[in-house]
Amino acid sequence: MKIPCYSCDTVTELEVGFDVVNFVCPKCHSLYALDDEGKFRRKSQYKKMPDDYPLHIGEVGFLKGSEYKITGILRKNVHPDYSWTEFILQNEAGEFIYLSLSNGHWMLLTEMDVTFEVKKHPLILEYENKEYNIFEYSDAEIVNAQGFFDFQLPQNKLIHLVEYIRPPFIISVERMDGVETAFYGEYIKKSEIKKAFPNITLPYQNGVNMIQPYKFDITNTAVIFCIFALLIITANWYIYKNQAEQNVFYKEIRYSEFDNKEITSDSFILNGASAPMTISVSTDVDNSWANVNIALVNEDNGDEIYTNKDIEYYHGYSDGESWTEGNQSEEFNICGVKAGKYHLLITPLKAPEDINNDRLKVNVVWNQPSDRNVWLVVIFMVVVFCVIRFFKSTFEKDRWSDSSYSPFNE
């Protein structure tokens with residue numbers, strides 16, 4: 001179909017699969033209507049607005065398994081200043097879909113073959129055994145248009161809208177010129193629009209759309225975290241159920257015999273899964289220091305793990321107050337010691353001027369694995385879930401901020 005515009009001398013040509021009732025020039029926005037003689041007559045003109053539509057008449061995109069062509073564009077406004085754009089698309093089979101764009105968010109809608117009783121704006125709308133909550137009702141005005149239309153565009157008349165949501169889905173009921181039509185829609189990601197129209201420049205998204213889904217499904221996330229925590233706890237119990245704490249070395253070492261000399265322990269065998277080796281050392285340091293250096297030697301492969309610890313204890317009285325620093329005992333770990341045959345090399349050392357301290361006690365235990373790491377993971381998941389839940393609540397408050405039926409106003 002080819003229609004010339006007498007206002008701006010622009011000819012718009014597009015093959016459409018329907019009888020055109022109204023035409024709006026994409027350039028000057030003059031409105032034409034079909035008269036009794038089958039000719040298009042200019043009736044009025046929409047107020048010129050910035051042509052910032054990301055899609056244009058005649059563009060083709062692949063959506064829902066079919067190739068669709070844009071045949072018309074409407075811009076609607078609700079007093080005082082909330083506006084959105086609707087793109088009307090048709091495929092070769094004559095089927096229509098509608099893309100709605102608001103603040104960078106996209107919805108795809110199709111006309112429903114059912115009617116709803118919404119004159120009294122019920123709070124709940126039931127469809128296919130699912131409940132949809134009323135979001136808002138309003139009167140919208142078509143403030144701009146372009147393209148070909150199979151219906152009369154209302155002039156100086158408002159379109160009554162009642163919208164019910166169940167994110168990411170919506171049921172929108174429109175009443176125009178006494179005719180009520182329901183549309184079923186769903187939220188469409190920007191990536192899907194970009195895939196359908198590769199050359200599109202996507203507008204920036206702002207705020208939360210009325211049916212925009214949250215990034216996380218709270219129920220599914222809770223179930224996944226619970227299953228994961230249960231698996232961790234069960235696996236930890238199964239791996240370590242037969243493993244007991246094993247005391248591998250204890251000795252009171254006299255500095256007079258071994259000060260700065262290496263002590264070799266008896267060999268010992270560790271059986272079971274890897275676990276931390278806890279080393280406890282104590283000595284009677286008093287305003288002095290001591291040190292112990294320990295090497296764990298794997299006799300199966302010769303690998304050595306070294307660790308050392310200072311034991312310091314100081315105390316005194318100054319400025320009218322007593323003070324202490326340090327401790328006479330210390331405890332530290334060699335983490336993840338695997339099963340195998342081992343021995344220890346222990347080298348004690350103390351301050352030469354410390355003549356009162358005469359011995360060092362060393363106790364080495366290969367522990368039954370602690371559940372500490374398991375519970376740290378579980379606590380981490382709980383914290384993450386709480387954070388997700390918090391942002392979900394904030395997200396929902398933003399979603400309902402423009403609605404008169406916000407559940408957060410109760």
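Which residue in E25 stands opposite Val281? The answer, Val362, appears in the first view below. A word on the source: this is a predicted model, in which local features need pLDDT of at least 70, side-chain atom pairs count only at pLDDT 80 or more, and totals for chains, interfaces and linings use all residues. Residues are numbered from 1 along each chain as its sequence is written, and side-chain values use heavy atoms, with hydrogens and water left out.

**View 1. An open sheet of 4 antiparallel strands.** The order across the sheet is E16-E25-E19-E23. Strands here (E, at least two residues) are DSSP runs, numbered from the N terminus, and two of them pair if DSSP finds at least two bridges between them. Strand E16 (246-254) and strand E23 (329-337) are the edges; each has a single partner strand, so one side of each is left without a neighbour in the sheet. On average, neighbouring strands are turned by 15° against each other, direction ignored; the axes behind this angle are lines fitted to C-alpha atoms, and angles run from 0 to 180 degrees between N-to-C directions.

**View 2. Strand E19 beside E25.** Look here for the antiparallel pair made by E19 (residues 275-283) and E25, joined by 7 bridges. Val281 faces Val362 of E25 across this pair. Strands of a sheet pair through backbone hydrogen bonds.

**View 3. Pro352 in the loop between strand E24 (340-350) and strand E25 (359-366).** Pro352 has 69% relative accessibility and so counts as exposed (over 50% relative accessible area, with a 1.4 Å probe and protein chains only; buried means under 20%, and partly exposed lies in between). Ser288 is 64 residues away along the chain, yet its C-alpha atom and that of Pro352 are separated by 9.7 Å.

**View 4. Cis peptide bonds at Pro80 and Pro168.** His79 and Pro80 are joined with omega of about 5°, and Pro80 lies in the loop between strand E7 (66-78) and strand E8 (82-91). From Pro167 to Pro168, omega is near 10°; Pro168 belongs to the loop between strand E13 (159-166) and strand E14 (169-176).

**View 5. Positive phi at His121 and Asn129.** Neither His121 nor Asn129 is a glycine. His121, with phi of about 55°, sits in the loop between strand E10 (105-111) and strand E11 (124-127); its 16% relative accessibility makes it buried. Asn129, with phi near 65°, is in the loop between E11 and strand E12 (130-149), and at 73% relative accessibility Asn129 is exposed.
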